[in-house]
Amino acid sequence: METTLRSAAQKRNLKIGCAVATHLLDDPEYARILGAEFNLIEPENDLKFGPVHPEKDQYNFAPVERQIAFAQSHNQEVRGHTLTWHNQNAPWIEGKSPDELNQILKDHIFTVMHHFKGQIKEWDVVNEAINDEAQIRKSIWYNEPGIGLADQNYEYIAQSFRWAHEADPDAKLFYNDYNIEKISSKSDRTYEMLKQLLSEGVPIYGIGFQCHFVLGSDFDEAFETFQSNIQRFKSLGLEIQFTELDIRMTEPQPGDFERQAEAYKKTIELALEEGVTLIQLWGFSDRHSWIPYTFKSEGWALPWDENFKMKPAYHAILAALQGDN
Ligand code: G3I
């Protein structure tokens, strides 16, 4: 049998995932690679509040159901992203009172998790609740106007996890965030928050490090403290996942793809060393990536190029998963 990321990961009992925009499943070549190379998929947008719950009494489950059907026919798991987030919410929730928002978020979490119970067993419950200044991020769910727990520190986060646990007691519940890989004021705050919530018995199973890296000094600096940072979160008893890995650059110069491959290799090796249970890419090819839309002159972040050709990064990930030096 041909060796793939998936077969190499499987041997280590490791999940190798990919974020998926549902319409891409129409492309047979995309679908072939996705099915062959990954043992887990995650809807990139379709489970966010706005896409999945566009009107008060209307849920749009069809795209995610399509992903689940794809996953089942390829013997893959499906991971859920995300329930409580400041972004991509639906316009119909604007202008509601805290009491109304409390009921809306609760109903949302219960309805979505019940619908996919048994099919989606891991969820990013709360996403990106700490801002770049290491403060609790202002949001419609926290304090603008919030669900009635505004300025009560982490209470709205605790409430989200408690609802999620009640909705599906078997699901593994994660806190997920970006720019928390290195030791910094943001990861310090995240650590303090999770430590406190866990000490209060809040049902948090694990933490997702998104791992959106920039090739060069950003990556190098993150790596100086990434391992010790992972270890302190592990010491809280949390499972660790890398949930949105990509390593972007500006217009590639000679040697950049080799440097990128090296950075991927280091990331995978660290994951293996620290017992990370999921390594998930935020898409697999440079043809479809969120990056050029957000960072104008950046991209080239994934292991397959825009023609679905494997880059050095692919071979480096595979070698790392196989334990080759
Ligand atoms: O689907 C609509 C389409 O109907 C419309 O015509 C078009 C016009 O702008 O927009 C389409 O929606 C876009 C959606 O992606 C689907 O392509 C949104 O505008 C766009 O904002 C949205 O971007 C997503 C972004 O989250 C939103 O914040 C990216 O695809 C997605 O990759 C990105 O993912 C986030 C994670 O959820 C959390 N961590 C960071 C990560 C990268 O930003």
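The exercises below work through the fold, the ligand site and the cysteines of a predicted model.

Residues are numbered from 1 along each chain as its sequence is written. Local features need pLDDT of at least 70, side-chain atom pairs count only at pLDDT 80 or more, totals for chains, interfaces and linings use all residues, and side-chain values use heavy atoms, with hydrogens and water left out.

**Exercise 1. Describe the overall fold of the protein chain.**

Step 1. Take the secondary structure. The protein chain has eleven helices and ten strands. These are DSSP runs, with helices being H or I of at least four residues and strands E of at least two, numbered from the N terminus.

Step 2. Judge compactness. The radius of gyration, taken over C-alpha atoms, is compared with a globule rule of 2.2 Å times the number of residues to the power 0.38. The protein chain has a radius of 19 Å, close to the 20 Å given by the rule for 325 residues, so it is as compact as a globular protein of that length.

Step 3. Add the box and the burial. Along the principal axes, the C-alpha atoms fill roughly 55 × 40 × 40 Å. Of the 325 residues, 56% are buried. Buried means under 20% relative accessible area, exposed over 50%, partly exposed in between (1.4 Å probe, protein chains only).

**Exercise 2. Characterise the ligand site.**

Step 1. List the shell. The ligand is surrounded by 14 residues, and the closest are Glu44, Lys48, His81, Glu128 and Glu244. A residue is near if one of its heavy atoms lies within 4 Å.

Step 2. Sort by class. The shell has three nonpolar, seven polar and four charged residues. Ala, Val, Leu, Ile, Met, Phe, Trp, Tyr, Cys and Pro count as nonpolar, Asp, Glu, Lys and Arg as charged, and the others, Gly among them, as polar.

Step 3. Find side-chain N or O partners. For a ligand oxygen, the distance to histidine 81 is 2.7 Å. A ligand oxygen also lies 3.0 Å from asparagine 45. A ligand nitrogen is 2.7 Å from glutamate 244.

Step 4. Quantify cover. Alone, the ligand exposes 790 Å², and the protein buries 46% of that. Areas come from the Shrake-Rupley method with a 1.4 Å probe.

**Exercise 3. Explain why cysteine 18 forms no disulfide with cysteine 211.**

Step 1. Count. The structure holds zero disulfides (cysteine sulfur pairs within 2.5 Å).

Step 2. Check the distance. The closest cysteine sulfur to that of cysteine 18 is in cysteine 211, 15 Å away, too far for a bond.

Step 3. Check burial. Cysteine 18 is buried at 0% relative accessibility. Cysteine 211 is buried at 0% too.

Methods
A polar contact is a pair of N or O atoms within 3.5 Å; within protein, one must be able to donate a hydrogen and the other to accept it, and residues adjacent in sequence count only if both atoms are side-chain atoms.
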